[in-house]
Amino acid sequence: MATKVDNATLAIYTRQLALMFRCGIPLQTCLHSLSKGEHEGLNRAFAETSLRVTQGVYLSTALARFPEHFPPYYLGLL
């Protein structure tokens, strides 16, 4: 069973993603790095999202497969 992500944890992962991306790191690499974090559920979500983005799926579409981790407002911001 997937554990829900609290807003503080999601904010930390989002800041890390934004920082890596602004530094010029490719999106797939950013997502793969995030899959090595401390939250087991988010690790799985980002690992699968990394693979889907490589296949050409939009980031928001790939993350939408994990509604327990990424609420609609989050996907809308992407």
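Begin by selecting Ser35, which at 11% relative accessibility counts as buried, and keep in mind from the start that the model on the screen is a predicted one. Ser35 has its place in the loop between helix 2 and helix 3, and when neighbours within four places in sequence are left aside, the residues in contact with Ser35 are Asn43, Phe46 and Ala47. If you add Gly24 to the selection, you have a residue that is 11 places from Ser35 in sequence, with the two C-alpha atoms 18 Å apart in space.

**The whole chain**

Now clear the selection and show the protein chain as a cartoon, where you can follow five helices and zero strands, with the elements running α-α-α-α-α from the N terminus on. The radius of gyration is 11 Å, close to the 12 Å that the globule rule gives for 78 residues, so the protein chain is as compact as a globular protein of that length. Taken along the principal axes, the box that the C-alpha atoms fill is roughly 30 × 20 × 20 Å.

Switch to a surface view, and the accessible surface of the protein chain comes to about 5100 Å², with 60% of that area belonging to carbon and sulfur atoms. Of the 78 residues, 35% count as buried, and among the contacts between residues at least 6 apart in sequence, 45% join residues that are at least 24 apart. If you colour the charged residues, there are 7 positive and 5 negative charges to find, and the mean positions of these two groups are 7 Å apart.

**The loop after helix 2**

Return to the loop between helix 2 and helix 3 and select Gly37, which has its place there and which counts as partly exposed at 31% relative accessibility. Beyond its neighbours within four places in sequence, Gly37 is in contact with Tyr13 and Asn43. The first of these partners, Tyr13, is 24 residues away from Gly37 along the chain, and their C-alpha atoms are separated by 8.4 Å.

Next select Asn43, which is placed in helix 3 and is buried, with a relative accessible area of 15%. Which residues does Asn43 contact, once its neighbours within four places in sequence are set aside? They are Tyr13, Leu34, Ser35, Lys36, Gly37 and Glu38, a list that brings back both Ser35 and Gly37 from the earlier stops.

**Inside helices 2 and 3**

From Asn43, move to its partner Leu34, which belongs to helix 2, the element spanning residues 27-34. Leu34 counts as buried at 2% relative accessibility, and apart from neighbours within four places in sequence it is in contact with Tyr13, Gln16, Leu17, Met20, Asn43 and Phe46. For a distance to draw in the viewer, take Leu34 and Val5, which are 29 residues apart in sequence and 14 Å apart from C-alpha to C-alpha.

Then go along helix 3, which covers residues 40-54, until you reach Thr49. Is Thr49 buried or exposed? Thr49 is buried, with a relative accessible area of 0%. Show its surroundings, not counting residues up to four places away in sequence, and you will see that Thr49 touches Leu31, Leu59, Ala62, Leu63 and Phe66.

**The cysteines**

Select Cys23 and Cys30 together and look at their sulfur atoms, bearing in mind that a disulfide here would need a pair of cysteine sulfur atoms within 2.5 Å. By this rule the count comes to zero disulfides. Cys23 is in no disulfide, since the nearest cysteine sulfur, that of Cys30, is 8.7 Å away, and Cys30 is likewise in no disulfide, with the sulfur of Cys23 as its nearest at 8.7 Å. In their surroundings, Cys23 is exposed, with a relative accessible area of 60%, whereas Cys30 is buried, with a relative accessible area of 0%.

**The last helix**

For the final stop, select Gly76, which lies in helix 5, made up of residues 72-77. Gly76 is exposed, with a relative accessible area of 64%. Add Leu27 to the selection to draw one more distance, and you have two residues that are 49 places apart along the chain, with their C-alpha atoms separated by 18 Å.

Technical notes:
Residues are numbered from 1 along each chain as its sequence is written. This is a predicted model: local features need pLDDT of at least 70, side-chain atom pairs count only at pLDDT 80 or more; totals for chains, interfaces and linings use all residues. Side-chain values use heavy atoms; hydrogens and water are left out. Helices (H or I, at least four residues) and strands (E, at least two) are DSSP runs, numbered from the N terminus. The radius of gyration is taken over C-alpha atoms; the globule rule is 2.2 Å times the number of residues to the power 0.38. Buried means under 20% relative accessible area, exposed over 50%, partly exposed in between (1.4 Å probe, protein chains only). Contact means heavy atoms within 4.5 Å. Accessible areas come from the Shrake-Rupley method with a 1.4 Å probe; for residues, only the protein chains shown count as cover. Lys and Arg count as positive and Asp and Glu as negative; His and the chain ends are not counted. The place of a charge is taken as NZ of Lys, CZ of Arg, CG of Asp or CD of Glu.
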